[in-house]
Amino acid sequence: MSTRTMVALLAFVVACDREAANGQRSGERVYHELCASCHGAAGVPPDGARALGAKDLTAPELHERLTDGALRRQIRDGSRDGRMPAFGGVLDATKLDALVLHVRSLSRKEIR
Ligand code: HEC
């Protein structure tokens, strides 16, 4: 492989990496704005919210059970019984993706 190809490849990899990191950072911001009050800053709900039924987002069991699609749906539509509000009205697709990424990063165990 020529040096030039290697440099181009490297630049590409770095750019992708940065993009993923940006996505996760904006996901984190949105999470703190919209979700942390019930699910806790690190994904563990404070006692009051837990009593309300808010789930522990660090639980590997939850991440194994929910596909990305199901996670997205939960955020967009809220819970069926209304205890968790729907956020579809305030989040565009990019923010939803970033949020899903961030929620995944809260798991106590790496999934995938
Ligand atoms: C007003 C409190 C409240 C807020 C704010 C809230 N949630 Fe929830 N969340 C809940 C409750 C209560 C449940 C349990 C009900 C359920 O499982 O449908 C829940 C469940 C969940 C689940 C698990 C669903 C399942 O099938 O186990 C996920 C994932 C989740 N919330 C993510 C989020 C994210 C991401 C945000 C921010 C966009 C958020 N929640 C904001 C209260 C809240």
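This report describes the fold, the nonpolar core, helix α6 and the ligand surroundings of a predicted model.

## Overall fold

The chain contains 6 helices and 0 strands, so that its elements, read along the sequence, give the pattern α-α-α-α-α-α. Of its 112 residues, 14% count as buried. Among the contacts in the chain with a separation of 6 or more, 59% are accounted for by residues that lie 24 or more positions apart.

## The nonpolar core

In soluble globular proteins, nonpolar side chains tend to be buried together. In this model the largest nonpolar core has 9 residues, namely Tyr31, Cys35, Leu57, Leu71, Ile75, Ala98, Leu99, Val103 and Leu106. The elements that give two or more residues to this core are α5 and α6, and α6 gives the most, with 3 residues.

Leu71, a member of this core, touches Leu66, Val100 and Val103 when residues up to four places away in sequence are not counted. Val103 belongs to the core as well.

## Helix α6

The 13 residues of α6 should span 18 Å at 1.5 Å a residue, and the C-alpha atoms at its ends are 19 Å apart, which agrees with that expectation. The buried residues of this helix are Ala98, Leu99, His102 and Val103. Seen down the axis of α6, these buried residues fall within an arc of 135°, and they therefore line one face of the helix. The face turned away from the buried side of α6 carries the exposed residues Ala93 and Thr94.

Asp97 is also found in α6. What is its degree of exposure, given 16 C-beta neighbours inside 10 Å? Asp97 counts as partly exposed because a residue needs 20 or more such neighbours to be buried and 12 or fewer to be exposed, and its 16 lie in between. Asp97 and Arg72 are 25 residues apart in sequence, while their C-alpha atoms are 7.7 Å apart in space.

## Surroundings of the ligand

The ligand is surrounded by 22 residues, of which the closest are Cys35, Cys38, Ser79, Arg83 and Met84. Cys35 is also listed among the residues of the largest nonpolar core. By class, the residues of the shell around the ligand divide into 15 nonpolar, 5 polar and 2 charged.

Which helices each supply at least two residues of this shell? They are α2, formed by residues 36–39, α5, formed by residues 68–77, and α6, formed by residues 93–105. Of these helices, α5 and α6 also give two or more residues to the largest nonpolar core.

Notes. Residues numbered from 1 in each chain as written. Predicted model: local features only at pLDDT ≥ 70, side-chain atom pairs only at ≥ 80, totals over all residues. Near = placed C-beta within 6 Å. Helix = DSSP H or I, 4+ residues; strand = E, 2+ residues; numbered from the N terminus. Nonpolar A, V, L, I, M, F, W, Y, C, P; charged D, E, K, R; others polar. Contact = placed C-beta atoms within 7 Å. Core = buried A, V, L, I, M, F, W, Y, C linked by C-beta atoms within 7 Å. Expected span 1.5 Å × (residues − 1). Arc of directions from axis to C-beta.
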